[in-house]
Amino acid sequence: MTVDLAATFSPPTVPLRDWLREQFASTVGTDANGTEMVYVGGLPEAAHATDGTPRGAAVALYTAGGTAGGTALDRPFVRFNVWAESAATAEAAAYALRALLDHTLPGTALGLSAAPSTVRLIGADTPAPIWAPDPDTATPRFVVTSTITVQAVAV
């Protein structure tokens, strides 16, 4: 593995989402289409049961910051909204997400294991999750924030 010092970073949201769908599959539910419920942005309709509650634990991630490219490391801020049908389930999923981010080996490729991206997770600084029920629906939700460090590598 060689570091690409002239790499231009694309947003890590899709590789991070795909990696979490594999790594976090036993924690989240599956939506009406059979997809593990980790999304970029909000939750789609397929993530909700007919009564409007999540079909299990679900995660929506958003990224902000980071550099515009041309550097070996990028440090974007990531917010994860973790919803579930109960506060206890949402809390357990939020703490499991925190543990996964903070204990992943440096250099782990983001993306699907069958087709990893050129972005490697070097580390994460993830404080404790915050209880924040959805203000519109009162659905149990915890917010996990993390500053991740990623690195582009040449393939």
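A residue counts as buried under 20% relative accessible area, as exposed over 50%, and as partly exposed in between. The exercises below apply this to a predicted model.

**Exercise 1. Decide whether W131 and F142 are buried, exposed or partly exposed, and describe how their rings are arranged.**

Step 1. W131 has a relative accessibility of 42%, which falls between the two limits, so W131 counts as partly exposed.

Step 2. F142 has a relative accessibility of 8%, and F142 therefore counts as buried.

Step 3. The count of aromatic pairs comes to one. This pair is made by W131 and F142, whose ring centres are 5.1 Å apart and whose planes stand at 55° to each other, an arrangement described as tilted.

Step 4. Since W131 belongs to strand β8 (residues 130–131) and F142 to strand β9 (residues 141–154), the pair ties together parts that are 11 residues apart in sequence.

Step 5. F142 can also be placed relative to A92, for the C-alpha atoms of these two residues are 9.5 Å apart, although 50 residues separate them along the chain. A92 is part of helix α2 (residues 87–103), and with 48% relative accessibility A92 counts as partly exposed.

**Exercise 2. Work out which residues of helix α1 are buried, and what L20 touches.**

Step 1. Helix α1 covers residues 13–23, and eight of its 11 residues are buried, so the helix is largely enclosed by the rest of the structure.

Step 2. The buried residues of α1 are T13, P15, L16, R17, D18, W19, L20 and R21.

Step 3. L20, which lies in this helix, has a relative accessibility of 1% and therefore counts as buried.

Step 4. Leaving aside residues up to four places away in sequence, L20 touches A25, V38, L61, F80, L97 and L100. For L97, one of these, the C-alpha atom is 8.8 Å from that of L20, while the two residues are 77 positions apart along the chain.

**Exercise 3. Describe how strands β6 and β7 are joined, and then find what surrounds S117.**

Step 1. Strand β6 (residues 108–112) and strand β7 (residues 115–125) run antiparallel and are joined by four bridges.

Step 2. The two strands form a hairpin, with two residues between them, and L112 stands opposite A115 in β7.

Step 3. S117 is found in strand β7, and because its relative accessibility is 17%, S117 counts as buried.

Step 4. Apart from residues up to four places away in sequence, S117 touches P15, A109, L110 and G111. A polar atom of the S117 side chain also lies 3.1 Å from the backbone nitrogen of V119.

**Exercise 4. Set these details within the whole protein: what is its pattern of helices and strands, and what percentage of its residues count as buried?**

Step 1. The protein has two helices and nine strands, and along the sequence they follow the pattern β-α-β-β-β-β-α-β-β-β-β.

Step 2. Of the 155 residues, 44% count as buried, while the protein exposes about 7300 Å², of which carbon and sulfur atoms supply 55%.

Step 3. Among the contacts with a separation of 6 or more, 58% come from residues 24 or more positions apart.

Terms used:
Residues are numbered from 1 along each chain as its sequence is written. This is a predicted model: local features need pLDDT of at least 70, side-chain atom pairs count only at pLDDT 80 or more; totals for chains, interfaces and linings use all residues. Side-chain values use heavy atoms; hydrogens and water are left out. Buried means under 20% relative accessible area, exposed over 50%, partly exposed in between (1.4 Å probe, protein chains only). Contact means heavy atoms within 4.5 Å. Accessible areas come from the Shrake-Rupley method with a 1.4 Å probe; for residues, only the protein chains shown count as cover. Two strands pair if DSSP finds at least two bridges between them. Rings of Phe, Tyr and Trp (its six-membered ring) pair if their centres lie within 6.5 Å; planes under 30 degrees apart count as stacked, over 60 as edge-to-face and the rest as tilted. A polar contact is a pair of N or O atoms within 3.5 Å; within protein, one must be able to donate a hydrogen and the other to accept it, and residues adjacent in sequence count only if both atoms are side-chain atoms.
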